[in-house]
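Visitor: Hi! I'd like to get to know this one before I set anything up. Can you walk me through it?

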Amino acid sequence: MNVIIDFANTIFQPIIDLGAAPLMTIILTVIALFFKVKFTKALEGGIKLGIALTGISAIINILSTAFSGAMADFVARTGLELNITDVGWAPLATITWGSPYTLYFLMVMVIVNIIMLVLNKTNTLDVDIFDIWHLSIVGLFAIYSGANLMIATILVIFIGILKIINSDLMKPTFNDLLGAGDENPMTTTHMNYMMNPIIMVFDKIFDKLFPWLDKYDFDAAKLNAKIGFWGSKFAIGIYLGIFVGLLAGQTPTEIASLAFTAAVCLELFSLIGSWFIASVEPLSQGITDFASSKLQGRTLNIGLDWPFIAGRAEVWAAANILAPIMLLEAIVLPGNKLLPLAGIIAMGVTPALLVVTRGKLIRMIVIGAIELPLFLWSGTLIAPFITETAKNVGAFPSGLDTSTMISHTTMEGPIEKFLAFFVGKASTGDLTYVLYAGIALVVYTLLFFWYKGEMKKRNQAYQEVK
(Lines give C-alpha, C1' and ligand atoms only; values in the text may rest on other atoms or scores of the structure.)
Protein backbone atom coordinates (compact mmCIF):
# COMPACT_ATOMS: atom_id res chain seq x y z
CA MET A 1 0.00 0.00 0.00
CA ASN A 2 2.89 2.38 0.72
CA VAL A 3 4.14 1.80 -2.84
CA ILE A 4 0.75 2.93 -4.17
CA ILE A 5 0.76 6.02 -1.95
CA ASP A 6 4.30 6.93 -3.07
CA PHE A 7 3.30 6.42 -6.72
CA ALA A 8 0.26 8.68 -6.36
CA ASN A 9 2.38 11.40 -4.74
CA THR A 10 5.02 11.14 -7.48
CA ILE A 11 2.40 11.67 -10.19
CA PHE A 12 0.23 14.35 -8.64
CA GLN A 13 2.43 16.29 -6.20
CA PRO A 14 4.16 18.57 -8.77
CA ILE A 15 0.75 19.47 -10.21
CA ILE A 16 -0.93 20.00 -6.84
CA ASP A 17 1.96 22.22 -5.70
CA LEU A 18 0.93 24.75 -8.35
CA GLY A 19 -2.21 25.59 -6.35
CA ALA A 20 -5.90 25.34 -7.13
CA ALA A 21 -6.15 28.02 -9.84
CA PRO A 22 -3.18 26.91 -12.02
CA LEU A 23 -4.14 23.29 -11.43
CA MET A 24 -7.70 23.75 -12.67
CA THR A 25 -6.51 25.96 -15.56
CA ILE A 26 -4.28 23.15 -16.79
CA ILE A 27 -6.92 20.48 -16.28
CA LEU A 28 -9.71 22.35 -18.08
CA THR A 29 -7.37 23.30 -20.94
CA VAL A 30 -6.12 19.75 -21.41
CA ILE A 31 -9.63 18.29 -21.29
CA ALA A 32 -10.85 20.84 -23.84
CA LEU A 33 -7.95 19.96 -26.13
CA PHE A 34 -8.86 16.28 -25.76
CA PHE A 35 -12.29 17.19 -27.13
CA LYS A 36 -10.57 18.95 -30.07
CA VAL A 37 -11.28 22.51 -28.96
CA LYS A 38 -9.00 25.05 -30.63
CA PHE A 39 -5.94 25.67 -28.44
CA THR A 40 -6.55 29.38 -27.94
CA LYS A 41 -10.20 28.78 -26.96
CA ALA A 42 -9.25 25.90 -24.66
CA LEU A 43 -6.60 28.02 -22.95
CA GLU A 44 -9.00 30.97 -22.68
CA GLY A 45 -11.55 28.79 -20.88
CA GLY A 46 -8.89 27.37 -18.58
CA ILE A 47 -7.57 30.81 -17.65
CA LYS A 48 -11.10 32.10 -16.99
CA LEU A 49 -11.66 29.17 -14.62
CA GLY A 50 -8.39 29.90 -12.81
CA ILE A 51 -9.37 33.57 -12.50
CA ALA A 52 -12.80 32.61 -11.17
CA LEU A 53 -11.30 30.29 -8.55
CA THR A 54 -8.80 32.95 -7.51
CA GLY A 55 -11.56 35.55 -7.25
CA ILE A 56 -13.82 33.33 -5.16
CA SER A 57 -10.96 32.45 -2.81
CA ALA A 58 -9.96 36.10 -2.40
CA ILE A 59 -13.51 37.24 -1.61
CA ILE A 60 -14.06 34.41 0.87
CA ASN A 61 -10.81 35.31 2.63
CA ILE A 62 -11.78 39.01 2.83
CA LEU A 63 -15.23 38.19 4.17
CA SER A 64 -13.98 35.57 6.61
CA THR A 65 -11.25 37.85 7.95
CA ALA A 66 -13.68 40.72 8.50
CA PHE A 67 -16.23 38.59 10.35
CA SER A 68 -13.62 36.70 12.36
CA GLY A 69 -12.51 39.91 14.02
CA ALA A 70 -16.08 40.89 14.87
CA MET A 71 -16.89 37.47 16.27
CA ALA A 72 -13.70 37.45 18.35
CA ASP A 73 -14.91 40.71 19.89
CA PHE A 74 -18.25 39.06 20.56
CA VAL A 75 -16.52 36.19 22.40
CA ALA A 76 -14.47 38.59 24.50
CA ARG A 77 -17.54 40.63 25.32
CA THR A 78 -19.80 37.76 26.40
CA GLY A 79 -17.32 35.29 27.91
CA LEU A 80 -19.06 32.33 26.24
CA GLU A 81 -17.22 29.03 26.72
CA LEU A 82 -17.14 28.10 23.06
CA ASN A 83 -13.47 27.20 22.95
CA ILE A 84 -13.05 25.84 19.41
CA THR A 85 -11.99 28.47 16.87
CA ASP A 86 -13.70 28.43 13.48
CA VAL A 87 -10.87 29.03 10.98
CA GLY A 88 -12.89 28.46 7.79
CA TRP A 89 -12.26 26.13 4.88
CA ALA A 90 -8.91 27.39 3.56
CA PRO A 91 -6.72 26.26 6.50
CA LEU A 92 -8.52 22.90 6.49
CA ALA A 93 -7.77 22.42 2.80
CA THR A 94 -4.11 23.21 3.48
CA ILE A 95 -4.05 20.78 6.39
CA THR A 96 -5.63 17.99 4.34
CA TRP A 97 -3.34 18.48 1.37
CA GLY A 98 -0.42 18.20 3.79
CA SER A 99 -1.19 14.50 4.16
CA PRO A 100 0.25 12.04 1.60
CA TYR A 101 -2.96 10.05 1.85
CA THR A 102 -4.87 12.84 0.10
CA LEU A 103 -2.98 12.27 -3.15
CA TYR A 104 -3.56 8.55 -2.74
CA PHE A 105 -7.31 9.11 -2.35
CA LEU A 106 -7.19 11.39 -5.40
CA MET A 107 -5.61 8.68 -7.53
CA VAL A 108 -8.17 6.15 -6.31
CA MET A 109 -11.10 8.40 -7.20
CA VAL A 110 -9.67 9.29 -10.63
CA ILE A 111 -9.56 5.56 -11.38
CA VAL A 112 -13.07 5.03 -9.98
CA ASN A 113 -14.45 7.89 -12.13
CA ILE A 114 -12.84 6.49 -15.27
CA ILE A 115 -14.21 3.01 -14.57
CA MET A 116 -17.71 4.41 -14.04
CA LEU A 117 -17.51 6.32 -17.32
CA VAL A 118 -16.30 3.29 -19.25
CA LEU A 119 -19.03 1.09 -17.75
CA ASN A 120 -21.61 3.81 -18.48
CA LYS A 121 -22.48 4.12 -14.79
CA THR A 122 -22.10 7.91 -14.93
CA ASN A 123 -22.01 10.71 -17.47
CA THR A 124 -19.89 12.97 -15.25
CA LEU A 125 -16.18 13.56 -15.65
CA ASP A 126 -15.05 15.07 -12.35
CA VAL A 127 -12.41 17.73 -13.02
CA ASP A 128 -12.66 19.44 -9.62
CA ILE A 129 -9.82 17.39 -8.20
CA PHE A 130 -8.68 20.12 -5.80
CA ASP A 131 -11.84 19.54 -3.77
CA ILE A 132 -10.87 15.90 -3.24
CA TRP A 133 -9.80 17.24 0.17
CA HIS A 134 -13.45 17.16 1.26
CA LEU A 135 -13.55 13.42 0.65
CA SER A 136 -10.00 12.85 1.85
CA ILE A 137 -10.76 14.38 5.23
CA VAL A 138 -13.43 11.71 5.70
CA GLY A 139 -10.87 8.97 5.09
CA LEU A 140 -8.26 10.68 7.26
CA PHE A 141 -10.73 11.10 10.12
CA ALA A 142 -11.69 7.42 9.86
CA ILE A 143 -8.00 6.51 10.19
CA TYR A 144 -7.62 8.91 13.14
CA SER A 145 -10.64 7.27 14.78
CA GLY A 146 -9.18 3.76 14.45
CA ALA A 147 -9.65 2.46 10.89
CA ASN A 148 -6.83 1.03 8.82
CA LEU A 149 -6.06 2.39 5.35
CA MET A 150 -8.01 -0.35 3.56
CA ILE A 151 -11.22 0.34 5.47
CA ALA A 152 -10.77 4.09 5.04
CA THR A 153 -10.25 3.58 1.30
CA ILE A 154 -13.44 1.54 1.00
CA LEU A 155 -15.35 4.27 2.82
CA VAL A 156 -13.90 6.95 0.53
CA ILE A 157 -14.78 4.94 -2.60
CA PHE A 158 -18.31 4.28 -1.33
CA ILE A 159 -19.03 7.95 -0.65
CA GLY A 160 -17.16 9.01 -3.79
CA ILE A 161 -19.32 6.81 -6.01
CA LEU A 162 -22.48 8.26 -4.45
CA LYS A 163 -21.14 11.78 -5.06
CA ILE A 164 -20.63 11.03 -8.74
CA ILE A 165 -24.08 9.45 -9.06
CA ASN A 166 -25.53 12.53 -7.36
CA SER A 167 -23.86 14.80 -9.92
CA ASP A 168 -25.84 13.07 -12.68
CA LEU A 169 -29.06 13.26 -10.69
CA MET A 170 -28.70 17.02 -10.12
CA LYS A 171 -27.80 17.95 -13.69
CA PRO A 172 -31.38 18.71 -14.95
CA THR A 173 -32.03 20.84 -11.86
CA PHE A 174 -28.87 22.83 -12.52
CA ASN A 175 -30.07 23.39 -16.09
CA ASP A 176 -33.37 24.64 -14.71
CA LEU A 177 -31.78 26.95 -12.13
CA LEU A 178 -29.34 28.37 -14.70
CA GLY A 179 -31.90 28.65 -17.47
CA ALA A 180 -29.60 26.51 -19.61
CA GLY A 181 -30.27 23.78 -22.15
CA ASP A 182 -29.19 20.16 -22.12
CA GLU A 183 -25.99 21.15 -23.95
CA ASN A 184 -24.79 22.82 -20.74
CA PRO A 185 -22.11 20.46 -19.33
CA MET A 186 -21.87 21.89 -15.82
CA THR A 187 -22.62 19.83 -12.75
CA THR A 188 -20.69 19.16 -9.55
CA THR A 189 -19.56 16.34 -7.29
CA HIS A 190 -19.00 18.74 -4.39
CA MET A 191 -19.46 17.27 -0.93
CA ASN A 192 -21.96 19.91 0.21
CA TYR A 193 -24.61 18.33 -2.06
CA MET A 194 -24.44 15.09 -0.11
CA MET A 195 -26.84 16.81 2.30
CA ASN A 196 -29.49 16.59 -0.45
CA PRO A 197 -31.17 13.39 0.84
CA ILE A 198 -31.73 14.81 4.34
CA ILE A 199 -32.93 18.12 2.93
CA MET A 200 -35.34 16.27 0.65
CA VAL A 201 -36.90 14.50 3.66
CA PHE A 202 -37.82 17.88 5.13
CA ASP A 203 -38.85 19.19 1.71
CA LYS A 204 -41.34 16.30 1.42
CA ILE A 205 -42.64 17.10 4.90
CA PHE A 206 -43.26 20.62 3.66
CA ASP A 207 -45.16 19.17 0.68
CA LYS A 208 -47.41 17.13 2.97
CA LEU A 209 -47.95 19.40 5.97
CA PHE A 210 -47.12 22.99 5.02
CA PRO A 211 -47.75 23.46 1.29
CA TRP A 212 -49.67 26.65 2.07
CA LEU A 213 -46.42 28.33 3.13
CA ASP A 214 -45.30 28.37 -0.50
CA LYS A 215 -47.85 31.04 -1.37
CA TYR A 216 -45.96 33.40 0.93
CA ASP A 217 -42.66 32.54 -0.70
CA PHE A 218 -40.90 34.93 -3.01
CA ASP A 219 -38.21 34.76 -5.63
CA ALA A 220 -35.15 36.53 -4.27
CA ALA A 221 -34.15 37.83 -7.68
CA LYS A 222 -37.65 39.17 -8.39
CA LEU A 223 -37.77 40.75 -4.97
CA ASN A 224 -34.47 42.45 -5.67
CA ALA A 225 -35.84 43.78 -8.95
CA LYS A 226 -39.05 44.98 -7.29
CA ILE A 227 -37.66 46.77 -4.28
CA GLY A 228 -34.28 47.69 -5.73
CA PHE A 229 -31.34 48.25 -3.45
CA TRP A 230 -33.16 47.29 -0.24
CA GLY A 231 -33.43 43.66 -1.36
CA SER A 232 -30.11 43.48 -3.16
CA LYS A 233 -26.99 41.57 -2.20
CA PHE A 234 -25.43 44.90 -1.25
CA ALA A 235 -28.23 45.56 1.24
CA ILE A 236 -28.17 42.04 2.66
CA GLY A 237 -24.47 42.48 3.33
CA ILE A 238 -25.11 45.81 5.04
CA TYR A 239 -27.80 44.29 7.28
CA LEU A 240 -25.60 41.36 8.29
CA GLY A 241 -22.58 43.56 8.98
CA ILE A 242 -24.60 45.87 11.21
CA PHE A 243 -26.18 42.94 13.08
CA VAL A 244 -22.89 41.17 13.79
CA GLY A 245 -21.12 44.44 14.60
CA LEU A 246 -23.77 45.33 17.18
CA LEU A 247 -23.51 41.88 18.76
CA ALA A 248 -19.76 42.32 18.98
CA GLY A 249 -20.10 45.74 20.64
CA GLN A 250 -18.00 47.40 17.97
CA THR A 251 -17.67 51.12 17.41
CA PRO A 252 -19.74 52.83 14.69
CA THR A 253 -16.61 53.03 12.53
CA GLU A 254 -15.94 49.30 12.89
CA ILE A 255 -19.58 48.42 12.22
CA ALA A 256 -19.60 50.54 9.06
CA SER A 257 -16.40 48.89 7.83
CA LEU A 258 -17.82 45.42 8.45
CA ALA A 259 -21.12 46.28 6.76
CA PHE A 260 -19.53 47.66 3.61
CA THR A 261 -17.06 44.79 3.41
CA ALA A 262 -19.91 42.28 3.57
CA ALA A 263 -21.91 44.24 0.99
CA VAL A 264 -19.21 44.35 -1.65
CA CYS A 265 -18.18 40.72 -1.09
CA LEU A 266 -21.71 39.39 -1.56
CA GLU A 267 -22.14 41.34 -4.78
CA LEU A 268 -18.79 40.17 -6.12
CA PHE A 269 -19.71 36.54 -5.41
CA SER A 270 -22.53 36.83 -7.94
CA LEU A 271 -20.28 38.41 -10.55
CA ILE A 272 -17.55 35.83 -10.14
CA GLY A 273 -20.12 33.02 -10.36
CA SER A 274 -20.82 34.09 -13.95
CA TRP A 275 -17.14 33.63 -14.77
CA PHE A 276 -17.44 29.91 -14.10
CA ILE A 277 -20.16 29.68 -16.73
CA ALA A 278 -18.04 31.56 -19.28
CA SER A 279 -15.02 29.37 -18.57
CA VAL A 280 -16.68 26.16 -19.76
CA GLU A 281 -18.29 27.51 -22.91
CA PRO A 282 -15.46 26.30 -25.22
CA LEU A 283 -15.48 22.89 -23.54
CA SER A 284 -19.26 22.71 -23.82
CA GLN A 285 -19.13 22.99 -27.59
CA GLY A 286 -16.25 20.52 -27.79
CA ILE A 287 -18.16 17.95 -25.73
CA THR A 288 -21.28 18.40 -27.84
CA ASP A 289 -19.33 17.80 -31.05
CA PHE A 290 -17.47 14.83 -29.56
CA ALA A 291 -20.62 13.19 -28.22
CA SER A 292 -22.35 13.55 -31.58
CA SER A 293 -19.50 12.00 -33.54
CA LYS A 294 -18.02 9.43 -31.13
CA LEU A 295 -20.63 8.45 -28.55
CA GLN A 296 -23.77 8.24 -30.66
CA GLY A 297 -25.13 11.32 -28.93
CA ARG A 298 -24.13 10.41 -25.38
CA THR A 299 -23.78 13.53 -23.27
CA LEU A 300 -20.85 14.01 -20.91
CA ASN A 301 -21.12 16.30 -17.90
CA ILE A 302 -18.22 18.16 -16.30
CA GLY A 303 -17.99 18.12 -12.51
CA LEU A 304 -16.91 21.60 -11.37
CA ASP A 305 -16.69 23.34 -8.02
CA TRP A 306 -20.06 24.54 -6.69
CA PRO A 307 -19.79 28.33 -7.40
CA PHE A 308 -21.02 28.09 -10.98
CA ILE A 309 -24.47 28.32 -9.34
CA ALA A 310 -23.44 31.27 -7.15
CA GLY A 311 -25.29 33.74 -9.34
CA ARG A 312 -28.63 32.62 -7.86
CA ALA A 313 -29.75 35.27 -5.38
CA GLU A 314 -31.34 32.66 -3.08
CA VAL A 315 -27.92 31.24 -2.19
CA TRP A 316 -26.90 34.53 -0.62
CA ALA A 317 -30.27 35.56 0.77
CA ALA A 318 -30.57 32.26 2.65
CA ALA A 319 -26.93 32.31 3.76
CA ASN A 320 -27.26 35.76 5.26
CA ILE A 321 -30.50 35.01 7.04
CA LEU A 322 -29.04 31.76 8.37
CA ALA A 323 -25.91 33.50 9.66
CA PRO A 324 -27.51 35.09 12.76
CA ILE A 325 -29.64 31.96 13.23
CA MET A 326 -26.49 29.84 13.28
CA LEU A 327 -24.90 32.20 15.77
CA LEU A 328 -27.86 31.91 18.14
CA GLU A 329 -27.99 28.12 17.73
CA ALA A 330 -24.27 27.84 18.49
CA ILE A 331 -24.80 29.71 21.75
CA VAL A 332 -27.63 27.48 23.04
CA LEU A 333 -26.96 24.12 21.33
CA PRO A 334 -26.06 21.34 23.81
CA GLY A 335 -22.77 19.64 22.98
CA ASN A 336 -21.52 22.40 20.71
CA LYS A 337 -18.16 23.99 21.49
CA LEU A 338 -17.70 25.81 18.18
CA LEU A 339 -18.48 29.50 17.67
CA PRO A 340 -19.16 30.57 14.06
CA LEU A 341 -16.39 32.85 12.85
CA ALA A 342 -14.87 32.31 9.41
CA GLY A 343 -17.71 29.97 8.44
CA ILE A 344 -20.58 32.24 9.42
CA ILE A 345 -21.51 32.78 5.75
CA ALA A 346 -22.95 29.30 5.33
CA MET A 347 -21.63 28.28 1.91
CA GLY A 348 -21.41 24.66 3.03
CA VAL A 349 -25.18 24.72 3.60
CA THR A 350 -27.12 26.81 1.09
CA PRO A 351 -26.15 25.34 -2.33
CA ALA A 352 -27.77 22.00 -1.46
CA LEU A 353 -30.84 23.79 -0.11
CA LEU A 354 -31.13 25.64 -3.42
CA VAL A 355 -31.01 22.44 -5.48
CA VAL A 356 -33.53 20.44 -3.46
CA THR A 357 -36.07 23.23 -2.93
CA ARG A 358 -35.39 24.80 -6.35
CA GLY A 359 -35.07 28.23 -4.82
CA LYS A 360 -38.06 28.31 -2.46
CA LEU A 361 -36.56 30.70 0.01
CA ILE A 362 -38.83 30.02 2.98
CA ARG A 363 -38.08 26.31 2.74
CA MET A 364 -34.37 27.01 2.38
CA ILE A 365 -34.31 29.08 5.55
CA VAL A 366 -36.46 26.76 7.69
CA ILE A 367 -34.73 23.54 6.58
CA GLY A 368 -31.34 25.24 6.85
CA ALA A 369 -32.04 26.24 10.44
CA ILE A 370 -33.07 22.65 11.25
CA GLU A 371 -29.91 21.12 9.78
CA LEU A 372 -27.37 23.64 11.09
CA PRO A 373 -26.88 21.73 14.38
CA LEU A 374 -25.48 18.81 12.34
CA PHE A 375 -22.73 21.09 11.06
CA LEU A 376 -21.98 22.48 14.52
CA TRP A 377 -21.83 19.02 16.12
CA SER A 378 -19.73 17.68 13.26
CA GLY A 379 -17.30 20.58 13.57
CA THR A 380 -17.04 19.99 17.31
CA LEU A 381 -16.51 16.24 16.82
CA ILE A 382 -13.69 16.62 14.33
CA ALA A 383 -11.86 19.46 16.12
CA PRO A 384 -9.27 17.31 17.98
CA PHE A 385 -8.31 15.60 14.71
CA ILE A 386 -8.08 18.91 12.80
CA THR A 387 -5.99 20.51 15.54
CA GLU A 388 -3.56 17.62 15.87
CA THR A 389 -3.17 17.24 12.10
CA ALA A 390 -2.59 20.98 11.63
CA LYS A 391 0.24 20.89 14.14
CA ASN A 392 1.76 17.75 12.59
CA VAL A 393 1.94 19.27 9.08
CA GLY A 394 2.95 22.75 10.26
CA ALA A 395 -0.33 24.37 9.21
CA PHE A 396 -1.65 25.52 12.58
CA PRO A 397 -2.82 29.15 12.14
CA SER A 398 -0.36 31.71 13.42
CA GLY A 399 -1.65 34.05 16.09
CA LEU A 400 -3.67 31.38 17.88
CA ASP A 401 -2.64 29.99 21.24
CA THR A 402 -1.26 26.47 20.79
CA SER A 403 -3.74 25.15 23.35
CA THR A 404 -6.65 26.29 21.15
CA MET A 405 -8.57 23.73 19.12
CA ILE A 406 -9.60 24.63 15.57
CA SER A 407 -12.33 23.47 13.22
CA HIS A 408 -14.86 24.84 10.70
CA THR A 409 -18.49 25.72 11.41
CA THR A 410 -20.02 24.84 8.05
CA MET A 411 -17.63 22.15 6.86
CA GLU A 412 -19.21 20.25 3.98
CA GLY A 413 -20.25 16.65 4.59
CA PRO A 414 -21.20 16.63 8.30
CA ILE A 415 -23.00 13.29 8.00
CA GLU A 416 -19.94 11.75 6.37
CA LYS A 417 -17.79 12.91 9.31
CA PHE A 418 -20.06 11.00 11.70
CA LEU A 419 -19.83 7.94 9.42
CA ALA A 420 -16.04 8.18 9.49
CA PHE A 421 -16.09 8.37 13.29
CA PHE A 422 -18.37 5.33 13.66
CA VAL A 423 -16.45 3.28 11.08
CA GLY A 424 -13.13 4.18 12.70
CA LYS A 425 -14.31 3.25 16.19
CA ALA A 426 -15.93 0.05 14.89
CA SER A 427 -12.59 -0.94 13.35
CA THR A 428 -11.07 -1.12 16.83
CA GLY A 429 -13.44 -4.00 17.65
CA ASP A 430 -15.78 -2.05 19.92
CA LEU A 431 -19.06 -3.95 19.47
CA THR A 432 -21.16 -0.92 20.39
CA TYR A 433 -19.61 1.08 17.59
CA VAL A 434 -19.85 -1.89 15.22
CA LEU A 435 -23.60 -1.73 15.77
CA TYR A 436 -23.68 2.06 15.42
CA ALA A 437 -21.61 1.94 12.24
CA GLY A 438 -23.77 -0.78 10.70
CA ILE A 439 -27.00 1.09 11.42
CA ALA A 440 -25.54 4.41 10.21
CA LEU A 441 -24.30 2.94 6.92
CA VAL A 442 -27.58 1.15 6.22
CA VAL A 443 -29.67 4.27 6.93
CA TYR A 444 -27.28 6.46 4.92
CA THR A 445 -27.45 4.12 1.92
CA LEU A 446 -31.22 3.62 2.01
CA LEU A 447 -31.81 7.34 2.35
CA PHE A 448 -29.59 8.08 -0.64
CA PHE A 449 -31.35 5.57 -2.89
CA TRP A 450 -34.76 6.89 -1.81
CA TYR A 451 -33.50 10.35 -2.75
CA LYS A 452 -32.21 8.94 -6.05
CA GLY A 453 -35.70 7.68 -6.87
CA GLU A 454 -37.25 11.06 -6.06
CA MET A 455 -34.73 12.88 -8.24
CA LYS A 456 -35.43 10.51 -11.13
CA LYS A 457 -39.12 11.40 -10.84
CA ARG A 458 -38.21 15.09 -10.92
CA ASN A 459 -35.94 14.60 -13.93
CA GLN A 460 -38.66 12.70 -15.77
CA ALA A 461 -40.99 15.64 -15.16
CA TYR A 462 -38.39 17.96 -16.68
CA GLN A 463 -38.32 15.78 -19.80
CA GLU A 464 -42.11 15.75 -20.09
CA VAL A 465 -42.24 19.55 -20.05
CA LYS A 466 -39.89 19.82 -23.03
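Guide: Happy to. One term before we start: contact means heavy atoms within 4.5 Å. Also keep in mind that this is a predicted model.

Visitor: Good. With that in hand, which residues does W306 touch, sequence neighbours aside?

Guide: Not counting residues up to four places away in sequence, W306 touches T188, H190, N192, Y193, V315, W316, M347 and P351. W306 also belongs to the largest nonpolar core, which has 125 residues. Y193, L304, W306, I309 and I386 are the ones with the most contacts inside that core.

Visitor: And the overall picture? How many helices and strands are there?

Guide: The protein chain has 17 helices and 6 strands. Of its 466 residues, 55% are buried. Among contacts with a separation of 6 or more, 82% are between residues 24 or more positions apart.

Visitor: Let's do the strands, then. What is the order in the sheet that holds strand 1?

Guide: That open sheet of 3 strands has the order 5-1-6, with parallel pairing. Strand 5 (338-339) and strand 6 are the edge strands, and each pairs on one side only. Between strand 1 (residues 84-86) and strand 6 there are 3 bridges. D86 has S407 as its bridge partner in strand 6.

Visitor: Is S407 buried or exposed?

Guide: Buried: its relative accessible area is 0%, so S407 falls under the 20% limit for that label. S407 sits in strand 6 (residues 405-407), and its side chain reaches the backbone oxygen of G379 at 2.7 Å. Leaving aside neighbours within four places in sequence, S407 has contacts that include I84, T85, D86, L338, G379 and I386.

Visitor: D86 keeps turning up. Which side chain makes a polar contact of 3.3 Å with D86?

Guide: That would be the side chain of H408. H408 is in the loop between strand 6 and helix 16 (414-426). At 5% relative accessibility, H408 counts as buried. Beyond four places in sequence, H408 touches D86, G88, W89, L92, L338, G343 and G379.

Visitor: You mentioned helix 16. How many of its residues are buried?

Guide: In helix 16, 10 of the 13 residues are buried, and the helix is mostly covered. The buried ones include E416 and K417, along with P414, I415 and F421. Helix 6 (132-144), helix 7, helix 8 (196-209), helix 15 and helix 17 (431-465) are among what covers them.

Visitor: Does its length make sense, and what span should I expect?

Guide: At 1.5 Å a residue, the 13 residues of helix 16 should span 18 Å, and the end C-alpha atoms are 19 Å apart, which agrees.

Visitor: Nice. Now helix 7: where does it bend?

Guide: Helix 7 bends by about 40° at M170, and a proline, P172, follows within four residues. For its 30 residues (residues 149-178), 1.5 Å a residue should give a span of 44 Å; the end C-alpha atoms are 40 Å apart, which agrees.

Visitor: What about its two ends?

Guide: At the N-terminal end of helix 7, N148 acts as a cap, with a side-chain oxygen 3.1 Å from the backbone nitrogen of M150. Just after the helix, G179 takes a positive phi of about 65°.

Visitor: Which residues other than glycine have a positive phi?

Guide: N120 is one, with phi near 60°, and R358 is another, with phi near 55°. For background, most residues other than glycine have a negative phi. N120 lies in the loop between helix 5 (100-118) and strand 2. R358 is in the loop between helix 14 (350-357) and helix 15 (361-392). At 39% relative accessibility, R358 counts as partly exposed.

Visitor: One last thing: what is the order of the sheet with strand 2 in it?

Guide: The order there is 2-4-3, an open sheet of 3 strands with parallel pairing. Strand 2 (124-126) and strand 3 (186-187) each have a single partner strand, so one side of each is left without a neighbour in the sheet. Strand 3 joins strand 4 (residues 301-303) through 2 bridges, and M186 stands opposite I302 in strand 4.

Key
Residues are numbered from 1 along each chain as its sequence is written. This is a predicted model: local features need pLDDT of at least 70, side-chain atom pairs count only at pLDDT 80 or more; totals for chains, interfaces and linings use all residues. Side-chain values use heavy atoms; hydrogens and water are left out. The expected span of a helix is 1.5 Å times one less than its number of residues. The bend at a residue is the angle between axes fitted to the seven residues ending there and the seven starting there. A polar contact is a pair of N or O atoms within 3.5 Å; within protein, one must be able to donate a hydrogen and the other to accept it, and residues adjacent in sequence count only if both atoms are side-chain atoms. Two strands pair if DSSP finds at least two bridges between them. Buried means under 20% relative accessible area, exposed over 50%, partly exposed in between (1.4 Å probe, protein chains only). A nonpolar core is a set of buried Ala, Val, Leu, Ile, Met, Phe, Trp, Tyr and Cys residues joined through side-chain atoms within 4.5 Å.
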